[in-house]
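Biologist: I'd like a close look at one part of this model, please. Could you start there and then work outwards?

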Amino acid sequence: MPTTRQKRKVDEALLPGLPMDEKRVRSSKASSSTSKPAAKKGKKNQDPSLPHVALANDLLKRGESLRVPEFPSLPTQTFEPPKEWGPRDEPITDPTKLPKGWNGSETDLADDDVDGQIQRCYRRIDEGIMPAIFEQRLEMYQDIKQRQIDMISSEPPGLSWEVVQRLDCLKRVKASFDELGNDSGNTPNVVAIMDAYRSGNLVWDKYTVTYWAHGKMVAGPKKMEVEEFLTLSSELGPHGIWVEGMDDYKPQPLYLFFALPPASLSYATHRFVVSLRNPRTWATNTWEHTIHLDVLEDTGAAAMKIFQADRNQLEAMSGASLPVTGTTPMSTAGGLIQVDNVVLQANIFHNSQPMLPKWIDIRACITRDPPGAPQTGDRLSGVWIHHVLYCLSMPDNTGRMEIGTDLPEILTSIPLCNPAFAIPPPVRVI
């Protein structure tokens, strides 16, 4: 993985600007020594001609004008509803006779806006342009709508749609526990959470979480704090406690894809090595207690993905179980799968040492496979690295990606972007 920095010495910070894990310890003075408090001195006027003083004074004068009231609006893709073409006596079924400007895509509607999609299908059918397409689409969305109605009917009346979807996820988790076992002690928590949702004692709030252990809520609702979670996990373990609300009410994306050994360099899939350590034992463990894993850089994954064998190795080396936040369904290209969620501390492994001066608390998921099942697919990085560092892809046909904290330094090495000379991946590699 290309970087923008050169190899450093052991004590040299590779990426300045990020806080360090350990604070400097002040040297303690001998107990027998005494000293009088220093006399207060008047403020010394700084030379206004000094560059840093002039800059500070200028910022003080223009402070209010420099204040940004809100995040600046960024250009995004926006789509208007399609033009209405009106009903017609004779439907158009020949694609060579489509009216100019007509389009069959519903770019202004979300795919999961079932009611909106159904209404649009009715309108499209009435317009009489390629009606067979929209009759098939209408049938698909009516089936989805019926499944939603069945889900709602299977639960007590009055529950929100978010809670109904969350209960459906929890039922899938409970089925996985019943089938495979290895529930990290969370079966009582899942049963208690479902009961709380159905009774109305627990509602869905995307801004808060609740902590559960041994079938009871032990804290919350409150904002998720990793330090509090680790404390409760240590006190109420041994495997961890369930954090309800950390996962979405519906399955999150974990879009897997395979990076086969390329026949050519036409496809730019990026890999890098991460260092992982157990957040429960990092203060006592050493560098030798960490593990280093090769991951596929994948921003389509909501969380890092590792294997059960990786979890077993890290727990064995650190001498403690990883803190578990719960189990949840994840949406993949092959359908829904059940995963266990754990909290890890991650770093980038570079030049045989951690690249980042501060270890990052991240969420990682582990597929719930039967014992002895082979490892399939790749370990996935998740998106955490993009929240910590600049990650720029290079439009120079090399497929490389620059990563670092010093944006001006990165910008000095990037090529000019000229789509006319771009060589995208070919349709077929021979």
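Biologist: In what sense do S5 and S9 pair, and over how many bridges?

Modeller: S5 and S9 pair antiparallel, over four bridges. Before I go on, some housekeeping: this is a predicted model, so local features need pLDDT of at least 70 and side-chain atom pairs count only at pLDDT 80 or more, while totals for chains, interfaces and linings use all residues. Numbering runs from 1 along each chain as its sequence is written, and side-chain values use heavy atoms, with hydrogens and water left out. Helices (H or I, at least four residues) and strands (E, at least two) are DSSP runs numbered from the N terminus, and two strands pair if DSSP finds at least two bridges between them.

Back to S5. In its pairing with S9, Val274 sits opposite Ile348. S5 (271-277) is also joined to S6 by six bridges, again antiparallel, with Arg271 facing Leu296 of S6. Five of the seven residues in S5 are buried, so the strand is mostly covered; buried is under 20% relative accessible area, exposed over 50% and partly exposed in between (1.4 Å probe, protein chains only).

Follow the chain out of S5 and you meet the loop that leads to S6 (291-296), where Thr281 is found. Thr281 counts as buried because its relative accessibility is 11%. Setting aside neighbours within four places in sequence, Thr281 is in contact with Ser318 and Ala320, contact meaning heavy atoms within 4.5 Å.

S9 (335-350) also takes us to helix H5, whose buried residues pack against S9 as well as H4, H6, S3 and S8. Those buried residues include Val163, Leu167, Leu170 and Phe177. H5 (residues 161-180) has 20 residues, so at 1.5 Å a residue it should span 28 Å, and its end C-alpha atoms, 29 Å apart, agree with that; the expected span is 1.5 Å times one less than the number of residues. Just after H5, Gly181 has a positive phi of about 70 degrees.

Trp161 belongs to H5 too, but it is partly exposed, at 29% relative accessible area. Beyond its neighbours within four places in sequence, Trp161 touches Gln148, Met151 and Ile152. Trp161 and Tyr249 are 88 residues apart in sequence, with 9.5 Å between their C-alpha atoms.

H5 and H6 pack at about 155 degrees, with axes 10 Å apart. That makes the two helices roughly antiparallel. Here axes are lines fitted to C-alpha atoms, for helices over the stretch in contact, and angles run from 0 to 180 degrees between N-to-C directions; under 35 degrees is roughly parallel, over 145 roughly antiparallel, 65 to 115 roughly perpendicular and the rest oblique. The H5-H6 crossing is left-handed, that is, the near helix is turned anticlockwise from the far one by less than a right angle (clockwise would be right-handed). Among the residues making the contact are Arg166 and Lys174 of H5, plus Met194 and Tyr197 of H6.

Finally, S3, another partner of the buried residues of H5, belongs to an open antiparallel sheet of three strands, ordered S2-S1-S3. S2 (216-222) and S3 are the edges, each with a single partner strand, so each has one side without a neighbour in the sheet. The twist averages 20 degrees from one strand to the next. Helix H7 (residues 226-236) packs on this sheet, touching S1, S2 and S3, and its direction makes about 10 degrees with that of S1.
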